[in-house]
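Morning, everyone. I have one structure to walk through today. Please bring it up on the screen.

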Amino acid sequence: SNPAEMSLARKMAPSVDSVKDLSNLILDKALPAAERELDENTAFARTNGGEEYSEDKLEKLMPWDTTFWSERLKESKFDLKEEELRPYFALDSVLGGMFGLVERIFNVDVKKADGEAEVWNPDVSFFKVFDKDSGKHIASFFLDPYSRPADKRGGAWMDVCIGKSEAVGRDIPVAYLTCNGSPPIGDTPSLMTFREVETLFHEFGHGLQHMLTTATVGDVAGINGVEWDAVELPSQFMENWCYDKKTLYGFAKHYKTGEPLPEEMFEKVKEQKTYGAGMMACRQLLFGLLDMELHSNFDPEAAEKGGDTIFDIHRRMAEKCTPYSLPLDEDRFLCTFSHIFAGGYSAGYYSYKWAEVMSADAFGAFEDVGLDNEEKVQEVGRKFRDTVLSLGGGVEPMEVFKMFRGREPSPEALLRHNGLA
């Protein structure tokens, strides 16, 4: 066996070939879109970049030009900056909308319970989760929403405070949800960017898998024991609801006037999601396939005797995934690719895309019944709760997914959501 096979033995993906097959299927759709996007970026640069971007002076955009002009084109297309959206996403409103969503689809009530548990900072809130049918208190969580640069690291994460375990008599799991949003200032509440709203939904998805588990063995309850490439399913699934009009308009109201988010802003937010999706997908597929190739086929001894070096393999994989933007001869990106050499993602970088496929397909189950069909949405939501959110790491993730969806994951929904279908 090789390092890739050893890595996959502990993951959902059954084999190196299965990872390559899924990657190639997505690449077939993403590459033509990426090439069209680059053509559009190039045309925009030639029109707006002055003489140095004329065809006589510059045959094609350099890698550093591509990102710059892609951002300029995005600005000209959408004319929407993140700061313009903040007034419509006050934290308390967003929380109310998110809790309303999980009440609708998962049949749980989330209630604030400040004062019932000790907190480490006045910013932190404590919540209890109740099953709506029985009224039983089934879980709790702490929410630490604001940035505190002096004593709190950046980013956002969910972590386990108390895990469910029959052996030690713990029946009520407790989670930490931590974000780094802007704190309130004077009479102005905490206002979020749309990206921060997505992040909150993402981390709450992780929290729900921890809190709504029915597994009673601690080592496989909640997020424990869930395979690396499946653990992002609930979190990425929750992000999809930020683009659902009914859900978003449940909380997207101006904090001063109460006016809903203008329709044209919502449309631009949705369009921005798919902007540059082809090039982004090809980039991620390159990283995933390069990682898998290095850990399954690279022979360091042969490289020392004149065979392919890691840089040769990088170029070969780029010729397949990003032929429109090949690495320069002096490119040493691999020396900084810490994800796969020092960050735990060796023969595992593909899991980003693998989880995207599953989460999009899971949301597709709701789209299939009609997002406006409340009865059916609730029915599918209960099924998601009883499978993906309940079973923990004690059941193979492919079996869990098939219990929910009735089949293995398909990339069709992801391609559709990214405008690549």
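I'll take the sheet, then the helices across it, then the core and one residue in it.

One caution before that: this is a predicted model.

Start with the sheet. It is open and has 5 strands. What is the strand order? Read it as β1-β2-β3-β5-β4, with mixed pairing. The edges are β1, residues 108-112, and β4, residues 157-162. Each of those pairs on one side only. On average, neighbouring strands are turned by 25 degrees against each other, direction ignored.

Now the pairings. In general, strands of a sheet pair through backbone hydrogen bonds, either parallel or antiparallel. Here we get both kinds, since the pairing is mixed. β1 runs antiparallel to β2, residues 125-131, over 5 bridges. In that pair, Lys111 sits opposite Lys128 of β2. β3 and β5 are parallel, joined by 6 bridges. There, Asp144 has Thr178 in β5 as its bridge partner. β4 and β5 are antiparallel, again with 5 bridges. Asp159 stands opposite Tyr176 in β5.

Is β5 enclosed or open to the outside? 6 of its 8 residues are buried, so β5 is largely enclosed by the rest of the structure.

Next, the helices. Helix α5, residues 91-106, lies across β1, β2 and β3. It runs at about 155 degrees to β1. Helix α6 lies across β1, β2, β3, β4 and β5. Its angle to β5 is about 170 degrees.

On to the core. The largest nonpolar core holds 117 residues. Which residues have the most contacts inside it? Phe89, Phe106, Phe141, Phe201, Phe204, Met238 and Trp241. Helix α2, residues 16-48, gives the largest share, 12 residues. Apart from this core lies another, of 5 residues, including Ala113, Val124, Phe126 and Phe142.

Take Met238 from that list. Leaving out residues up to four places away in sequence, Met238 touches Leu101, Val102, Phe106, Phe201, Phe204, Gly205 and Leu208.

Last, Val197. This residue is in helix α6, residues 194-211. Why does Val197 count as buried? Because its relative accessibility is 0%, and the cut-off for buried is under 20%. Beyond four places in sequence, Val197 touches Phe89, Val94, Met192, Cys242 and Phe251. Also look at Glu239. Val197 and Glu239 are 42 residues apart in sequence, yet their C-alpha atoms are 8.7 Å apart in space.

That's the tour. Questions, please.

Terms used: Residues are numbered from 1 along each chain as its sequence is written. This is a predicted model: local features need pLDDT of at least 70, side-chain atom pairs count only at pLDDT 80 or more; totals for chains, interfaces and linings use all residues. Side-chain values use heavy atoms; hydrogens and water are left out. Helices (H or I, at least four residues) and strands (E, at least two) are DSSP runs, numbered from the N terminus. Buried means under 20% relative accessible area, exposed over 50%, partly exposed in between (1.4 Å probe, protein chains only). Contact means heavy atoms within 4.5 Å. A nonpolar core is a set of buried Ala, Val, Leu, Ile, Met, Phe, Trp, Tyr and Cys residues joined through side-chain atoms within 4.5 Å. Two strands pair if DSSP finds at least two bridges between them. Axes are lines fitted to C-alpha atoms, for helices over the stretch in contact, and angles run from 0 to 180 degrees between N-to-C directions.
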